[in-house]
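Here is a short set of exercises to work through with the coordinates open in your favourite viewer. Try each task yourself before reading its solution.

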Amino acid sequence: MNLTLHLTERCNMDCSYCLRVKRPCDMPEEVLYKALELAFSKGQNAGVCFFGGEPMLKKDLILKALDRAKTMSDSSGKPFACKMTSNGTLLDEDFLKRAKEAGMVIGLSYDALGQDISRRFADKDHSSTSAVLREKAELLLKYLPDSVALITVAPQAVPYYAESVKHVHDLGFKQASCVLAYGSRVNWTDGDMEILRGELDKTVDYMTELFRKSDRFKVTPLCSKITECIKGVNPASRCHLGVRQMQVDVRGDLYPCTSFVGDPDYLMGNVFDGVDESRVSALAAKSNMPETCRNCELNKRCTNSCGCSNRMNTGDENKISPLQCTYERMLIDAADRLGNILFTIDQARFAKYFG
């Protein structure tokens, strides 16, 4: 079973688009250990993602989790996998050595050239984070070269989209995951979206340049859109409200997805009493495609069923926003253009990369 552990509700940064409520609440050890027991109790594998707030504020808890999980994996014979999403500012060599031993995959929240525009420290001066993050990114890649750069693009940082992709590639990342900043703290305009369209075109050109050099750098969601199209995978059917990756809050309560944490209507049980299977079944039985998307010719290539993003944008997990719809159409158009160009350049290599 896969769980996302919200180790703390504290954070040392104050990002302009973040919707998380910051509180001095941390996960107790007893909740952590019960969560690990739950992860190992179901399925053929056990997996956790360390999350927050900023999870590295509870580095001691992460290390205890890794020690306990190794013991449980050895005794049960079940493989254990771990991930972490971190702002990176508190990473250090000792921790990264331990993370490497555990085979941890780290997603570094790093907005690259847009870092200081949206991601500042939570001190009285809201001081810069960009210099710290560049240094930490290089340290991270030294120990975990397969780490992913997680770029959140706020409206004010849109002009830096393509250059930010190039920046993380030049740092040594093999993959960048680019998402738009959503929710009540951002305001996208038509002008921003036009700039974004141009930035996607520049990114397509850059990806083409790398492909010609046999540089297999992956940018999601562009590359995933190509792969899904080739394999006939419907991204809207992969997950509805994240039931396959349950969230564990600091108290041990279980929720289906990040933006639903704390909502009693979506409480799926707790680590002490287990999963309420009846509530999980009721949630899974819900339609995973908004009604307004049913007659769209692109509905099988669009992530319209993401309850988290839908709720952040519209307040309703079953209603997609015009912003998300416009963005998905842009992505599909850019991915198709990129796919056609790369296929024309080298069909065999294209099949190897995306097949």
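The exercises below concern a predicted model, and each comes with a worked solution.

**Exercise 1. Overall build**

Task: Find how many helices and strands the protein chain has, and decide how its radius of gyration sits against the globule rule.

Solution:
- Start with the secondary structure: the protein chain has 12 helices and 11 strands.
- Next take the radius of gyration, which is 20 Å, close to the 20 Å that the globule rule gives for 355 residues, so the chain is as compact as a globular protein of that length.
- Finish with the extents: along its principal axes, the C-alpha trace spans about 55 × 45 × 45 Å.

**Exercise 2. Two helices that cross**

Task: Describe how the axes of H1 and H2 cross, and list the residues that meet.

Solution:
- Locate the pair first: helix H1 covers residues 29-41 and helix H2 covers residues 59-76.
- Their axes come within 10 Å of each other and cross at roughly 35 degrees. The crossing of H1 and H2 is right-handed.
- Now collect the contacts, with heavy atoms within 4.5 Å as the cut-off. From H1 come Glu29, Leu32, Tyr33, Leu36, Glu37 and Phe40, and they meet Leu61, Lys64, Ala65, Arg68, Ala69, Met72, Ser73 and Ser76 of H2.
- Sorted by class, this contact of H1 with H2 holds eight nonpolar, two polar and four charged residues.

**Exercise 3. An enclosed space**

Task: Count the cavities of 30 Å³ or more, then work out which element gives the most to the lining of the largest cavity.

Solution:
- A helpful reminder: rolling a probe the size of a water molecule over the atoms shows where empty space is left.
- The count comes to one cavity of 30 Å³ or more, and the largest cavity has a volume of about 40 Å³.
- Its lining is made of Asp111, Gly114, Ile151, Thr152, Val153, Ala157, Tyr160, Tyr161 and Ser164.
- Two elements give two or more residues to this lining: strand E5 (148-153) and helix H6 (161-171). E5 gives the most, with three residues.
- By class, the lining of the largest cavity divides into five nonpolar, three polar and one charged.

**Exercise 4. A pocket and the end of H8**

Task: Characterise the second largest pocket by volume and lining, then find what Lys231 contacts outside its sequence neighbourhood.

Solution:
- The second largest pocket has a volume of about 280 Å³.
- Its lining counts 15 residues, and those nearest the pocket centre are Arg216, Lys218, Cys223, Tyr353 and Phe354.
- Helix H7 (190-212), H8 and helix H12 (347-354) each supply at least two lining residues, with H8 giving the largest share, four residues.
- The class tally for this pocket's lining is eight nonpolar, three polar and four charged residues.
- Turn now to Lys231, which lies in H8 (residues 222-231). Beyond its neighbours within four places in sequence, Lys231 is in contact with Phe354 and Gly355.
- Check the C-alpha separation of Lys231 and Gly355: the value is 7.1 Å, although the two are 124 residues apart along the chain.

**Exercise 5. Backbone exceptions**

Task: Which peptide bonds, at Gly53 and at Pro221, are cis or trans, and what is the phi of Ala112?

Solution:
- Begin with the expectation: most residues other than glycine have a negative phi, and most peptide bonds are trans.
- The bond from Gly52 to Gly53 is cis, with omega near 15 degrees. Gly53 sits in the loop between strand E2 (46-51) and H2.
- Thr220 and Pro221 are also joined by a cis peptide bond, with omega about 15 degrees. Pro221 belongs to the loop between strand E7 (218-220) and H8.
- Ala112, not a glycine, has a positive phi of about 55 degrees. Ala112 is placed in the loop between strand E4 (105-109) and helix H4 (115-118).

Technical notes. Residues numbered from 1 in each chain as written. Predicted model: local features only at pLDDT ≥ 70, side-chain atom pairs only at ≥ 80, totals over all residues. Heavy atoms only, no water. 1 Å grid on protein atoms, 1.4 Å probe; cavity = no way out; pocket = protein on both sides within 12 Å on 5 of 7 lines; lining within 4 Å. Points joined across faces, edges and corners; volume = space filled by probe spheres on them. Nonpolar A, V, L, I, M, F, W, Y, C, P; charged D, E, K, R; others polar. Axes fitted to C-alpha atoms, helices over the stretch in contact; angles between N-to-C directions. Left-handed = near helix turned anticlockwise from the far one by under 90°. Rg over C-alpha atoms; globule rule 2.2 N^0.38 Å.
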